[in-house]
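Reader: Please take a close look at a single part of this model, the largest pocket, and set it in the context of the whole chain.

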Amino acid sequence: RNEEGPASDIDILIEVPEYIQFSLIDMAELREKLQSLSHKEVDLVMERALQPEVHERVKKERKLFYEA
């Protein structure tokens, strides 16, 4: 969307298979590590937590940077 600036945060959408246990503590630790590496605020969102209308908009704008 070309809305980013020097003070912008980083929004990260996480897709974790349902058979993997990924707790709120895991989310907090990952967020902390990413903020430490990037020196920016990081917002993490689980893909399965998105509302359908938000998911459609996010799908159009997202960029894949890691896939296992």
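Author: The charges give a first view of the whole: the protein has 10 positive and 16 negative charges, and the mean positions of the two sets lie 4 Å apart. Lys and Arg are counted as positive and Asp and Glu as negative, with His and the chain ends left out; each charge is placed at NZ of Lys, CZ of Arg, CG of Asp or CD of Glu.

The model is predicted, so local features need pLDDT of at least 70 and side-chain atom pairs pLDDT 80 or more, while totals for chains, interfaces and linings use all residues. Residues are numbered from 1 along each chain as its sequence is written, and side-chain values use heavy atoms, without hydrogens and water.

Two helices and two strands make up the secondary structure, in the order β-α-β-α from the N terminus. These elements are DSSP runs numbered from the N terminus (helices H or I, at least four residues; strands E, at least two). Along the principal axes, the C-alpha atoms occupy a box of roughly 40 × 30 × 20 Å. About 6,200 Å² of the protein is exposed, and 53% of this comes from carbon and sulfur atoms, by the Shrake-Rupley method with a 1.4 Å probe. Of the 68 residues, 16% are buried (under 20% relative accessible area; exposed is over 50%, partly exposed in between). Where contacting residues (heavy atoms within 4.5 Å) are at least 6 apart in sequence, 63% of the contacts join residues at least 24 apart.

The largest pocket has a volume of about 1,600 Å³, which is the space filled by probe spheres set on its grid points. A pocket here is an open set of points on a 1 Å grid where a 1.4 Å probe fits, with protein on both sides within 12 Å along at least five of seven lines; lining residues have an atom within 4 Å of a point. The lining comprises 34 residues, and those nearest the centre are Asp 11, Ile 12, Leu 13, Arg 62 and Lys 63. Two or more lining residues come from each of β1 (10-14), α1 (24-38), β2 (42-46) and α2 (52-61). Strand β1 contributes the most, with five residues.

Ile 12, one of the residues nearest the pocket centre, also links two leucines. Leu 34, in helix α1, is in contact with Ile 12, Val 42 and Leu 44, neighbours within four places in sequence aside. Leu 44, in strand β2, likewise touches Ile 12, together with Ile 14, Met 27, Leu 30, Arg 31 and Leu 34, under that exclusion of neighbours within four places. Leu 44 is buried at 14% relative accessibility, whereas Leu 34 is partly exposed at 23%. From C-alpha to C-alpha, Leu 34 lies 15 Å from Met 46, 12 residues away in sequence; the C-alpha atoms of Leu 44 and Val 54, 10 residues apart along the chain, are separated by 15 Å.

Between α1 and β2, the loop holds His 39. Its phi is near 60°, a positive value in a residue other than glycine, and His 39 is exposed, with 71% relative accessible area.

Note on methods:
Buried < 20%, exposed > 50% of the residue type's maximum accessible area, 1.4 Å probe, protein only.
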